[in-house]
Amino acid sequence: MMQTCPEMGALVSHPASKAEILRLLTCAGEAQQALFRAARAARLAAGADAVKLRGVIEISNYCQKHCDYCALRPQNKEMVRYRMDVDTILAITEGIVAEGITTVFLQSGQDPKSDDIVFEAIPRIRALGVNILLNLGEKSRETYSRYFVAGADSYILKFETSDPDLYQKIVGSPLAKRLECARWIREVGMKLGTGNIIGLPGQTLDTLVEDILLAQEMQPDFVSSSPFIPNENTPLESLGMGDLQLTLNSIAICRLLFPNALIPAVSALEKIRKGGQLLGLKAGANVLTINFTPKDFRDKYAIYSKERFVVSLDHARATISGAGLQVR
Ligand code: SAM
């Protein structure tokens, strides 16, 4: 089936072919502007133009995984570890609710010792009348089910890269396991978010095309493309940042393929370039995540480097109005 929105012309078919994705992924100049215009038109036509705000709380920086790109990996002995208790999470949540934000996003390293805290926090957060999005890593099917039954709506589990060999090499565990978890998340009743990192060593343009094809197969409710950011005290610390243009093109292609999806303009875009999140919104994104983690914890959650860009409400509002959009 070809896209029907006139402004989109025949930029991409559904499902998209490898050749189409590769052409769009690498486009520049006027062709790239046409891609971004088509992505914005798709977002508008799908009624997904208003920007969704999420409030994130980084509840624990303990992690079992060994991802070469991530500072939360247990081998990073420089990191001072913390795990928030339920009352702390609730107090921060109240601040999110007070700002009128309706999605509370709990993120952490893969930390089984947080599970009981999360089980207890979910119904109490839910009682404040907000939705709950989780990004806590790979769990058992039963644990996902318990999150859902407790009141969590949705879960982000990025596949990071579709290349099983690259995934195994960089993450140190099988991609198949991650994809099985993604299936469980859906099966137990939660909405699924997924996505890739752009700029991993050994990744090729073909890998990025395959990433988009994998996302197409998974049909996620949310999808993201994030640039790689080198992180101190990790094996990939001396690599360059991921490519901004490739990331923006990937966001725009995702918008064409998933017109209704929530697609974030991630904080890493702003880390790469001032105004990067604005470019993300102009490429078709429609989510900004505001960081509500208190500074003393936040400084210890040093993903995307110690000098990561911390998204404030003021920055989000200015970015949204700069894009000529409204808050949802
Ligand atoms: N532990 C959870 C998991 O396994 O999904 C979630 C927490 S993890 C910190 C959240 C996301 O951060 C990962 O899915 C990964 O894509 C991203 N991330 C971590 N370090 C990164 C880096 N240096 N560059 C780009 N993305 C990174």
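**Note on the ligand site, the H3–H4 contact and Phe292**

1. A polar backbone atom of Ile229 lies 2.7 Å from a nitrogen atom of the ligand. The protein covers 96% of the 560 Å² of accessible area that the ligand has on its own. The model under review is a predicted one.

2. Two further polar pairs involve the ligand. An oxygen atom of the ligand is 2.6 Å from a polar side-chain atom of Glu160. At Ser108 the partner is a polar backbone atom, 3.3 Å from a nitrogen atom of the ligand.

3. The surroundings of the ligand comprise 21 residues, of which Tyr69, Lys158, Glu160, Arg178 and Ile229 come nearest. Sorted by class, this shell has 12 nonpolar residues, six polar residues and three charged residues. Glu160 and Ile229 thus appear both among the nearest residues and in the polar pairs, Glu160 through its side chain and Ile229 through its backbone.

4. Helix H3, residues 86-98, and helix H4, residues 115-126, have axes that come within 9 Å and cross at roughly 30°. The crossing of H3 with H4 is right-handed. On the H3 side, the contact is made by Val86, Asp87, Ile89, Leu90 and Thr93, and on the H4 side by Ile117, Glu120, Ala121, Arg124 and Ile125. By class, the residues of this contact are six nonpolar, one polar and three charged.

5. Phe292 is located in the loop that runs between strand E7 (287-291) and helix H12 (295-298). Leaving aside residues up to four places away in sequence, Phe292 touches Gly55, Val56, Ile92, Gly95, Ile96, Glu99 and Ile101. Among them, Ile92, Gly95 and Ile96 fall within the range of H3, residues 86-98. The C-alpha atoms of Phe292 and Glu58 are 8.2 Å apart in space, although the two residues are 234 residues apart in sequence.

Notes
Residues numbered from 1 in each chain as written. Predicted model: local features only at pLDDT ≥ 70, side-chain atom pairs only at ≥ 80, totals over all residues. Heavy atoms only, no water. Near = heavy atom within 4 Å. Polar contact = N/O pair within 3.5 Å; in protein donor to acceptor, adjacent residues only side chain to side chain. Areas by Shrake-Rupley, 256 points an atom, 1.4 Å probe, with all protein chains shown as cover. Nonpolar A, V, L, I, M, F, W, Y, C, P; charged D, E, K, R; others polar. Axes fitted to C-alpha atoms, helices over the stretch in contact; angles between N-to-C directions. Helix = DSSP H or I, 4+ residues; strand = E, 2+ residues; numbered from the N terminus. Left-handed = near helix turned anticlockwise from the far one by under 90°. Contact = heavy atoms within 4.5 Å.
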